[in-house]
Structures are given as structure tokens and as C-alpha cells.
Amino acid sequence: MKHAVISADEGAGGMFRRWPFFQRLLSWTKPYAPFEQGTREYERYDWNSLLPDEIECRALMCSVMDGTSYYPSRLEMERNLATFADRAGIAVRYGCRWTGTRHDGDRWTLETSDGEFRCQVPIFAVGVAEPWRPQIPGIEEALHYAETRPAETYAGHRVFIIGKENSGFELATGFLQWARQIVLASPSPAKLSINTRSLVGVRARYVQPYEDHVLAGGVIVLDASIERVERTGSTSLVRTRKADSAAELVFEVDDVIAATGFTSPILDLPKLGVATVGRNKLPAQTPFWESASVPGLYFGGTIHQASPGLRKHGIPSNSGGVNGHRYNGRILARQVARKHFGIDPERPVVPRAEVVSYLLHEFTNAPELWHQKSYLARVLIRDEKRGIVDDGIVPLQRFLDSGPADAVGATLEENPAGDIYPVLYTRRGGVSAEHDLPPHPLHDFRTRDHERAVVEALEGLLV
Amino acid sequence: MRSAPDDITETLASLAIFADLTRPELEKVAHSLEERYFAQDEKVLREGLSGSSFYIILEGEAALVARGKRLGTLGRGDFFGEISVLLGEPPVADVIAARPLRCLVVPGELLREFLQSHPRVCYRLLVAEARKLANVTRRST
């Protein structure tokens, strides 16, 4: 497809040119893993590399890390993306800022600092990195996470952090050796990722302030609504009300920081009818990341987190991270090609005798299924003329709600007990059924028991 | 309907199920639960699928559909999915957005904890369930 990429940045790297504040990511890349770097299977252990077709552009993150941590530094991640763009020869018009949008018939016009661009399909991958503040009286007195000063300038200070998600705990971790007192407050309890078993919640790297809190070491983690922030000379008063007792608690502090998250700079899109959702008003999307209210307008990158999929058992997708949305991006490109340009990428035939072993291999090794549990699925379709056709990796929700063709969707899911197990969704004559397979302690599903379970589920359908 | 509400707490305060909560409690609910938007005709709840959630409608309209037959319509302040979650069984009907729909979602695994920590919401839910049961009983006698 003919396409153009424009970016307001001066070079490749996106938000990693600025953040995270304390200079190290939360997403890992394991240089040493059970599979060789550059293989598809290795992607499960490398959350940060992008997905090229060219071998020389694969697993690039490893090649730019210095080995001091399996979490890349901000600079290493920026270098990873810049190296990818350079080696893959991605043409980007940098320093070109999108400023407005028009929809003229079947064409879209993007107004930019470099003039107008017209296109058939716009894809907005503008990130979720614009500081967002809730409506709290006086919150404008607080610095946002994005404006936080160097940690040493908080030496001896009492710091009040609004927000108990990763960014709040990241700051608290960085302030531990500097601040006199740290308070983290928001209306609902802090979630920890090891409890939610997902990327929702404070990641293990930032749990230190929480431990300090539970051991009464000086950090206060408070469930309270923030009623007002008042500036009083060189200090601030933060008026809060506890969520359980409604009792008022007032804090006099030296610094207030709003670690209240980010939104997406979608400019005039809401005026064109783009529906938004959630506290930070991200654009609501279909399973193929098209605006849920304006057909033909798509989103890319971390904004995909607002296309939540089924959220079975409450488990979210990983679309807010590179390890999740990099797979969505591939599917999105195919979908746009098929739907808007009539380009239907070839779909290979899977010999009937290999269907079972193919699915068991996918369950065990497919990085798409491991990074996007109950969100993406490998789909095989029964085609009367060609036999069993591999429809590729597609959004599970889309598969469940799509046409009547006999087919199977294979995915991985996780239950509240923390078991990770394969699931087959079969469709026969328009009737869908769910088949949960047993978990395995080593996540190796190429066993006799799993083989039998797959055969039983697919009997008369694909085998 | 297009834009997410600026203050979801205000929206919650106007719904019967949350009518007894204090402002800090409402903020806690608003802060801890996820808002979802469904385009018209999008499936919200799927018959026979495990691991579903409890939904409270903030705006819009949903249709209750079983075996291709429309059984009823749900609107602002109504909720659904609780039977499936409380019994630990897959839903016996589909719920489909009849018009663009905004819901607040409590993942199934968290509903028990949510109701235990908000007994006044639990009581309101119980009253609504009793009303549904009375209506069904009245129709069948």
C-alpha cells in the first residue's frame, strides 16, 4: 500500500525520548532465553523489539543493551527504535505536526505544520503521553509527573503524590532516599501487578514504597479522594477525605505532584464524531482498532488499550505496551489492506494431518498468544474448495462475532486461580462453543492429553 | 453520548443502584471500575462464554437476546451479567448494544468483593433482583 508517515518529533523514539522519568523501562528483554534471538518464539521473552520481516532488523533491543539490567534504559529503548527505523528504511517526515482534520467525501485531509496531506485511510498513532489531570480544585498548583524536577531537589521535602498507579510509585521509588515524607493518595486501593496477574497495577520494580508503607517506615499510601489543593506561601495544603470513613485528613506539604496519568492528543477528532471512553478519554475502538463511531478512521500503538477485547476473567490485553500493540499493528495493516485496498494477503493451507500438532505448537510457542491472552487468536477456517485455511492471527472478539464459516480460534487464557491454559473456540453451522484445555506446569501443551483434547474438540470440524 | 463524561462520579450519583453511597464512596467506585463503550450492534455479553463480567449501563440501550429472539431492552441504570457471575456459569443469553452504549464494568472475579465492600449497593441489587423475580412469577401465574 502506498503510505506516508508524519511525526511531530525530531527523530525516531517517540515518548522514549523523554520518559520514563527515572530512565528505565518496565518492560523486559531477556538476552538469554530458551530460544535464539531473532526467532518468532524468542519474541515471547523480548517485550521491546519491533517485528520486521527482514532478519537483520529482528530482536534489535538486545543489540543495544549494555547488560546491566534486563529492563532497558530509556536511552537504549530510544536507540532500539531509531536503529529499527534506520535499518528497515522507514521513511518518516519528522518535525511535521498534525494540527487538524477534515473529512471530504471518501478522502481525509490532515492539516499539518508542513501543509495538507490527503489520504484514503488515516491511522493515528499519537501515543498516550499527553499529561492528564482530573478535575480537582487547585490541581493546577501541582506539577504533573511530566514536570517533576530532578529527585535531589526534593531532599528533605514532604511530597504529596496524587495517584497510586505506576507513575506515582515510580516517583515515590525515586524519592525514597531524598524526601522527608511521601504520601501517595487516590480514591481506590493500589493494585499490584503480582495480584492482578497482569500489567494492570503497580509493577514489582516499584513496590518498595508500598513495603515501606506496610512496615510503617514513613511512606503513607492512602485511599482517599482529593478534595482540594491550596497553595499557602511556600507550602501547600491538600485536603482529602478517606474513602471508608469519609473523615477529613489535611496534609501540609512542600510539593504536590499529579501522577494522574496521560491521555492521547487526538485534537479535533471528537468534533468529527470520534467517541471517547474512560477517565482519560481515549478513542473508543472496534476489535480492529477502527473508531467505534467514525468508520474508516483507525488508531495505532498504545491507543489500542481502548479496544479492550473480551477481558475474560477480568484479564486485560497488553495493548498499552509495545509487546502487545506490535502484534495488533501487523493485523491492522492486513485489515486495512483487505478492507480499503482490496489486497488480500495469501492465506496458506494447513494439511489436515498437521492441524492438531500445529495448534499445539501455537499454544506452546506463539508469541502473539502469550503476549495477548484471550485477545488474539490463531484462526483456521474450513474452506470447501481449498481445505483448511490458516486465517492468521486475528482479534478473538472479531472471530467470535464474525461470519458463519466453520472454523476454530485458538488462544491462551488465564483464570482467577492464575492457571494459564489453551482454549479452542469452535464454530459449526454458525453455533459457537468454548473448549478449555488443561493447564500444564511448564506451559508445554504438546502432550498426549492436550492432543486428545484438541482432537475431541475438532472432531468432524477440522479433523 | 460521543464523549466520555467529564466526571463519572456525577453520573454514578444519579443511578438508583448507587443512591445510598457517600461522595468519597462514589469516587472510589468511579475510580476503581472500568468504563466501556460499545458501538451499536456490538455484543456485550455472549451466551455460553465463560469468564464474563457485571455491567451497569451509564448511557444507551441494550437488547437481551436468546436463541435469536429479543427478550427485553435495558437502559440507563439497569444492570446485567450478575446471574452468570454469581452462579459461576456462562450467560444463557446474549446482550447486544441496541444503540451506542456506555457501561461501567465489574470483572466477575471482583464482584463478590465489590458487593461485600459496598453492602448498600448489594441491598439495592437484591431489591432489583426481587422485583425481577416478582415480575416473572406474576407473568407465569
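The largest nonpolar core in this predicted model has 86 residues, and those touching the most other members are Leu380(A), Val44(B), Tyr55(B), Ile57(B), Ala62(B) and Cys103(B). From chain A, domain 2 (125-130 + 261-345) and domain 4 (352-458) each put at least three residues into this core.

Take Val44(B) as a way in. Setting aside its neighbours within four places in sequence, Val44(B) is in contact with Phe38(B), Tyr55(B), Ala62(B), Val95(B), Ile96(B), Ala97(B) and Leu101(B). Two of those partners, Tyr55(B) and Ala62(B), turn up again in the list of core residues that touch the most other members. There's also another core, apart from the one above, with 33 residues; Val159(A), Ala179(A), Val238(A) and Phe251(A) are among them.

As for confidence, chain B has a mean pLDDT of 91, with 96% of its residues at 70 or more. The model as a whole comes with an ipTM of 0.92 and a pTM of 0.95.

Now for the interface. Chain A brings 32 residues to the contact, and chain B brings 28. On the chain A side, strand 11, strand 12, strand 16 (276-277), helix 9 (396-401) and strand 23 (431-436) each chip in at least two residues. Which of the elements gives the most to that side? That would be strand 23 of chain A, with three residues. Sorted by class, the side of chain A that touches chain B has 12 nonpolar, 12 polar and eight charged residues.

Strands 11 and 12 of chain A deserve a look of their own, along with strand 13. Here's how they pair up, antiparallel in each case:

| Strands of chain A | Bridges | Residues standing opposite |
|---|---|---|
| Strand 11 (residues 219-232) and strand 12 (residues 235-242) | eight bridges | Ser225(A) and Arg241(A) |
| Strand 12 and strand 13 (residues 248-253) | six bridges | Val238(A) and Phe251(A) |

Both pairings are hairpins. Strands 11 and 12 of chain A have two residues between them, and Gly233(A) takes a positive phi near 70 degrees there. Between strands 12 and 13 of chain A there are five residues, and in that turn Ala246(A) has a positive phi of about 65 degrees. The second pairing also links back to the cores: Val238(A) stands opposite Phe251(A) in strand 13 of chain A, and both residues are named in the core of 33 residues.

Zooming out, chain A splits into domain 1 (1-96), domain 2 (125-130 + 261-345), domain 3 (133-260) and domain 4 (352-458). The C-alpha centres of domains 1 and 2 of chain A are 20 Å apart. Where they touch, domain 1 of chain A supplies eight residues and domain 2 of chain A supplies 10 residues. On the domain 1 side of that contact, five residues are nonpolar, three are polar and none is charged.

One last stop is His103(A), which sits in strand 3 (residues 98-104) of chain A. Why does His103(A) count as partly exposed? Because it has 14 C-beta neighbours inside 10 Å, whereas a buried residue would need 20 or more and an exposed one would have 12 or fewer. Beyond its neighbours within four places in sequence, His103(A) is in contact with Trp108(A) and Leu272(A). Cys119(A) is 16 residues away from His103(A) in sequence, with 9.9 Å between their C-alpha atoms.

Conventions. Residues are numbered from 1 along each chain as its sequence is written. Chains are lettered from A and ligands numbered from 1 in the order in which they are written. This is a predicted model: local features need pLDDT of at least 70, side-chain atom pairs count only at pLDDT 80 or more; totals for chains, interfaces and linings use all residues. pLDDT is the predictor's confidence in each residue, from 0 to 100. Two strands pair if DSSP finds at least two bridges between them. Helices (H or I, at least four residues) and strands (E, at least two) are DSSP runs, numbered from the N terminus. Domain bounds come from an automatic or database domain assignment. Two residues are in contact if their C-beta atoms, placed from the backbone, lie within 7 Å. Ala, Val, Leu, Ile, Met, Phe, Trp, Tyr, Cys and Pro count as nonpolar, Asp, Glu, Lys and Arg as charged, and the others, Gly among them, as polar. A nonpolar core is a set of buried Ala, Val, Leu, Ile, Met, Phe, Trp, Tyr and Cys residues joined through C-beta atoms within 7 Å.
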